[in-house]
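Let's walk through this one together, from the sheet outwards. Have the viewer ready and follow along.

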Amino acid sequence: MSDQQTIFVLNGPNLNLLGTREPDVYGRDTLDDIAGRLEDQALPLGLSIDMRQSNHEGHLIDWLHEANAAGAKAVILNPGAYTHTSIALHDAIKAIKVPVIEVHLSNPHAREAFRHKSLVGQAAKGTIAGFGAMSYALALDAAAKL
Ligand code: DQA
């Protein structure tokens with residue numbers, strides 16, 4: 001498949017703990033469960049998924065650059081708590097051409113005040129939040145139609 005058929009799905013800090021991490025907030029699906037469902041969803045669309053997770057801000061930035069250099073169709077990005085703090089992620093999204101869709105399992109606007117500001121959302125093409133694991137499926141649907 002050409003890179004135009006690839007969707008990078010990048011996940012930030014603590015998302016490796018999905019399944020056991022605050023399940024009342026984030027659900028019981030693991031990141032692998034979500035990856036498997038995205039792959040099933042992508043196949044009939046002629047798309048492939050490149051799913052990654054890191055607890056390190058710089059890795060996420062390097063992967064955004066890589067997705068851009070590869071000419072990926074889109075990036076689905078759950079930046080975890082870096083959503084609310086990272087000017088560097090904001091700048092990286094602004095610096096690249098590949099469209100970035102911000103996703104969140106929870107709805108940060110319905111939570112603590114410190115989650116209400118998204119530096120990533122201010123640079124992203126759009127944001128999908130609050131639908132649990134389905135947020136990723138909705139984001140893939142949107143990415144496929146871009
Ligand atoms: C999150 C929301 C963030 O506020 C939080 O720091 C996370 C997960 C979500 O998917 O709901 O780590 O991005």
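Strand 1 and strand 3 run parallel, with five bridges joining them. One place to see the pairing is Asn 11, which sits opposite Asn 78 in strand 3. Keep in mind that you're looking at a predicted model. Strand 1 also has strand 2 (residues 48–53) as a parallel partner, this time through six bridges. Over there, Thr 6 faces Ser 48.

So how many residues of strand 1 are buried? Six of its six. Thr 6, Phe 8 and Leu 10 point one way, while Ile 7, Val 9 and Asn 11 point the other way. That fits the usual pattern: in a regular strand, side chains alternate between the two faces of the sheet.

Now pick up Ile 7 and follow it into the largest nonpolar core, which has 22 residues. Ile 7, Ile 76, Tyr 136 and Leu 140 are the members that touch the most others. At least two core residues come from each of strand 1 (6–11), helix 2 (31–42), strand 3 (74–78), strand 4 (100–104) and helix 5 (134–145). Zoom in on Leu 140 and, ignoring neighbours within four places in sequence, you'll find contacts with Ile 7, Leu 38, Gln 41, Ala 42, Leu 47, Ile 49 and Ile 76. Apart from this core there's another, made of 19 residues, including Leu 64, Leu 77, Ile 93 and Val 120. None of this is odd: nonpolar side chains in soluble globular proteins tend to be buried together.

Next, the ligand. Asn 78, the residue opposite Asn 11, is one of those around the ligand, along with Arg 21, Tyr 26, Gly 80, Ala 81, His 84, His 104, Leu 105, Ser 106 and Arg 115. Which distances should you check? A polar side-chain atom of Ser 106 is 2.6 Å from a ligand oxygen. For His 84, an N or O atom in the side chain lies 2.7 Å from an oxygen atom of the ligand, and for Arg 115 the corresponding value is 2.9 Å. The protein covers 99% of the 320 Å² of accessible area that the ligand has on its own.

Last stop: Thr 30, in the loop between helix 1 (23–26) and helix 2. Is Thr 30 buried or partly exposed? Its relative accessibility is 30%, so it counts as partly exposed. Beyond residues up to four places away in sequence, Thr 30 touches Leu 18 and Gly 19. The C-alpha atom of Thr 30 is 24 Å from that of Ser 118, which is 88 residues away along the chain.

How values were computed. Residues are numbered from 1 along each chain as its sequence is written. This is a predicted model: local features need pLDDT of at least 70, side-chain atom pairs count only at pLDDT 80 or more; totals for chains, interfaces and linings use all residues. Side-chain values use heavy atoms; hydrogens and water are left out. A nonpolar core is a set of buried Ala, Val, Leu, Ile, Met, Phe, Trp, Tyr and Cys residues joined through side-chain atoms within 4.5 Å. Buried means under 20% relative accessible area, exposed over 50%, partly exposed in between (1.4 Å probe, protein chains only). Helices (H or I, at least four residues) and strands (E, at least two) are DSSP runs, numbered from the N terminus. Contact means heavy atoms within 4.5 Å. A residue is near a molecule or strand if one of its heavy atoms lies within 4 Å of it. A polar contact is a pair of N or O atoms within 3.5 Å; within protein, one must be able to donate a hydrogen and the other to accept it, and residues adjacent in sequence count only if both atoms are side-chain atoms. Accessible areas come from the Shrake-Rupley method with a 1.4 Å probe; for residues, only the protein chains shown count as cover. Two strands pair if DSSP finds at least two bridges between them.
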